[in-house]
Each structure stands twice: as C-alpha cells, then as structure tokens.
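Visitor: I would like to go through this structure with you. Could we look at the surface, the interior and a few individual residues?

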Amino acid sequence: MDRYKAQATTVLLTALAPASWGTTYVVTTRLLPPGHPLFAGLMRALPAGLLALAITRVLPRGQWWWRTAVLGALNIGAMPLLFVAAERLPGGVAATLGAVQPLLVAGLGLAALHDRPTVWRLAWGVLGVVGVGLVVLGPGARLDAVGVLAGLGHTTTMAGGVVLTKRWGRPAGVGPLTLAGWQLTVGGLLLLPLTLAVEGVPQRIDAGAVGGYAWLGSMGGLIAYALWFRGIGRLPVAASAPLVLLSPLVATVIGIAQGESLNLPQALGFALALTALVAAQLSPTGRKKTAAEKKTAAEKKTAAEKKTVAEKERTDDERHDDRRARGHRNGRRPGGHRGERARTPGVGAVPETARE
C-alpha cells in the first residue's frame, strides 16, 4: 500500500509540470511582447538556471558536461519553438501538436530504451490525441506551416529529452533541482547569442510582461523542470509521457474561467483526454506481469542459492588449501595439529643400541 501511495504522490507532483506549461499560451498571448519568442525562451531559462546553480553550487563532472549540453539543447534550447507555435497558431492547434508527444516517446523509447509499449498505453495515447483535438480544434482553426513545423519540432525535441533523461538518469548525489539548473543554464546560454543576433530586447517591457517572465521562469521553468525530471527518474517512461496531456486541458480550463464554454463534442473530448491520461498510469495486465515476475524472481533466487552453495564449497576448499600451505610454511607436516611442532623423520626414534 505504501508503494502505491508513493507512486500516486510522484504522479501528482510530476503532473504539476505540464499543468504549469498549460499556462504558457495565455501568458504568451496576453502578457508578453509579441514577436519575441527567443527572448521569452531566454528569460524562462537563463535566470532560473543561474539561480539553481547559486543554490546548489554543484557543476557537472566528466561525461555529464556533454550529456548536460545535449539534454539542455533538447529540453530547453528548443523552447522558443513553443513560443513560435503559440504566436502563429491558435492555441488549440499548438496544444494538439503537443499532445502527440506520448506517441513519439513510445517510438523513441522502443529504439533507445528497448522499452516495448503495451497496446493498452498506445491505444490510450491515440485516444488522448483525439480527445485533445475534439476539445481545442474548431472549424475555424487555421494551419500556418511555420507554426506547425515549430510545434512538431518542439514536441519532438521534448520527446527526445524525456527518453534520454530516462536512459541517463542522474549522477550519484545529484538531485532534480541541480539537474534542472544545469539544463536551464545550458539552454539559456545557447539562446543568448541567438536572441541578441536575431531579435534583441523588446523595446517595451511593462509590468505585465515582467510578471509573465517571472511566472514562466519560476513555476513554468525551474520548479516545473525539477518536478518533471524527478518524475521521469521514478516513473516508467510510458506513464510519465501521457501527463503532457494536462497542458492543453489546463489551457482549456483557463479559457472556461475567462468566459468560454464547451459544446458537447468538446466536453466529450475533454473527458476522453482526461480518461486517457489516467488510464495510461494503469496496466490491465498487472496481475499477469506480477505472476511472471514472481516466477522469474523464484528462478533467480534458486540460481542465486545454487551459486552461493557452490561458492561456499569452493571457499571451504580454498581455506583447507590455505591451512595446508601455512602448515608447510611453519615447518609442520600436513595433517599435524595446530600448535604442534612438526617432527623430522627419524627424530625421537629409539637407537638400535639402546633397544639392545
């Protein structure tokens, strides 16, 4: 029971990350200066990353320098693509593109992790995309080629980041906050020269924009990524990836709070997407897998016991050989008792003259 409670807690904490990302659309369109997706990505990443480094005071070592560069580029460096999609596409289209991520993770996980997704989770992944599409796609949804490519690009890089984060894990003694700080810093440093060269700083940053950048960098950046990386390390990749469906669902709830309403197909789509998200955390073949795992564990236990007995017998023989070797070194004949002085052949024998 404690194990299931701990897993449920992990799922809920991990879900906070995509839930906070669901606010990106409204923050971008309502608060941030238009036409500056690179600057928005930079402000979301670099300040939060530097703050995490100042708190943890831990830098990568060895191979984690280049691993951090790869993960930072995938998870953070491609972040401006999300803002491009949010600006050039209706929020519904961009959200639907993001909902494809669990399917991409399933394919990449099979190739990189040899983790074969179940038909159950694949089916619910497809239904999740359908549900999100019903919620957010309307008859007037327009498709912009640049926006679609940007949305698919961001979804693909995030899927690659999820899979590689699961494969590489974290260095010993490094927490999720440290890992998030590394990647946010790397991603921010990658965006800095590109932002200055292409966009520059917006001419006007009002109080609303400052609040938007602060929200994206804190809850949508450092806190969200720390929770996300923590969850990826503890949950199966096929269970953590569908949580991204929360992003468009949260965006929908925000729209409802602002006065929007859902028609019947949208309400059904919302329920379908939410059901798919929850169902992906479960497995209908859990009992069969448990029985198979028990059988495998029993076989491993038997083999381990046989190996232990063999090693014990070998150890006993080696100890016996060591005692014999020490006996030779101490001048004691094999078979002599411990502490008994070895006798040279003929010593102590009664001379022939004495016997006569």
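Visitor: Which residues make the nonpolar surface patch of about 340 Å²?

Guide: Trp120, Leu274, Val278 and Leu282 make this patch. Patches are made of residues with over 30% relative accessible area and no salt bridge, where like charges are joined within 9 Å and nonpolar side chains (Val, Leu, Ile, Met, Phe, Trp, Tyr) within 5 Å. Accessible areas come from the Shrake-Rupley method with a 1.4 Å probe, and for residues only the protein chains shown count as cover. Please note that this is a predicted model, in which local features need pLDDT of at least 70 and side-chain atom pairs count only at pLDDT 80 or more, while totals for chains, interfaces and linings use all residues. Residues are numbered from 1 along each chain as its sequence is written, and side-chain values use heavy atoms, with hydrogens and water left out.

Visitor: Where is valine 278 found?

Guide: Valine 278 belongs to helix α14, residues 264-279. Helices (H or I, at least four residues) and strands (E, at least two) are DSSP runs numbered from the N terminus. Valine 278 is partly exposed, because its relative accessible area is 46% and the class lies between buried (under 20%) and exposed (over 50%), with a 1.4 Å probe and protein chains only.

Visitor: Turning to the interior, how many cavities of 30 Å³ or more are there?

Guide: The count is 2. On a 1 Å grid over the protein atoms alone, a cavity is a set of points where a 1.4 Å probe fits but cannot get out, and lining residues have an atom within 4 Å of a point. Grid points are joined across faces, edges and corners, and a volume is the space filled by probe spheres set on the points. The second largest cavity holds about 190 Å³ of space.

Visitor: Which residues are closest to the centre of that second largest cavity?

Guide: Of the 17 residues in its lining, Pro102, Ala106, Arg121, Ala238 and Pro242 are the closest to the centre. The elements giving two or more residues to this lining are α7 (101-112), α8 (119-136) and α12 (237-240).

Visitor: And what is the lining of the second largest cavity by class?

Guide: The lining has 14 nonpolar, 1 polar and 2 charged residues. Here Ala, Val, Leu, Ile, Met, Phe, Trp, Tyr, Cys and Pro count as nonpolar, Asp, Glu, Lys and Arg as charged, and the others, Gly among them, as polar.

Visitor: Which side chains meet in a salt bridge?

Guide: Those of aspartate 206 and arginine 204 do, at 3.4 Å, N to O. A search of the whole structure finds 1 salt bridge, meaning a side-chain nitrogen of Lys or Arg within 4 Å of a carboxyl oxygen of Asp or Glu. Aspartate 206 is partly exposed at 31% relative accessible area, and arginine 204 is exposed at 63%.

Visitor: Is alanine 224 buried or exposed?

Guide: Alanine 224 is buried, with a relative accessible area of 0%. This residue is part of helix α11, residues 207-234. Its C-alpha atom is separated by 7.6 Å from that of proline 18, 206 residues apart along the chain.

Visitor: What about arginine 57: where is its place?

Guide: Arginine 57 sits in the loop between α3 (37-56) and α4 (64-77). Although not a glycine, arginine 57 has a positive phi of about 55°. At 75% relative accessibility, this residue counts as exposed.

Methods: 1 Å grid on protein atoms, 1.4 Å probe; cavity = no way out; pocket = protein on both sides within 12 Å on 5 of 7 lines; lining within 4 Å.
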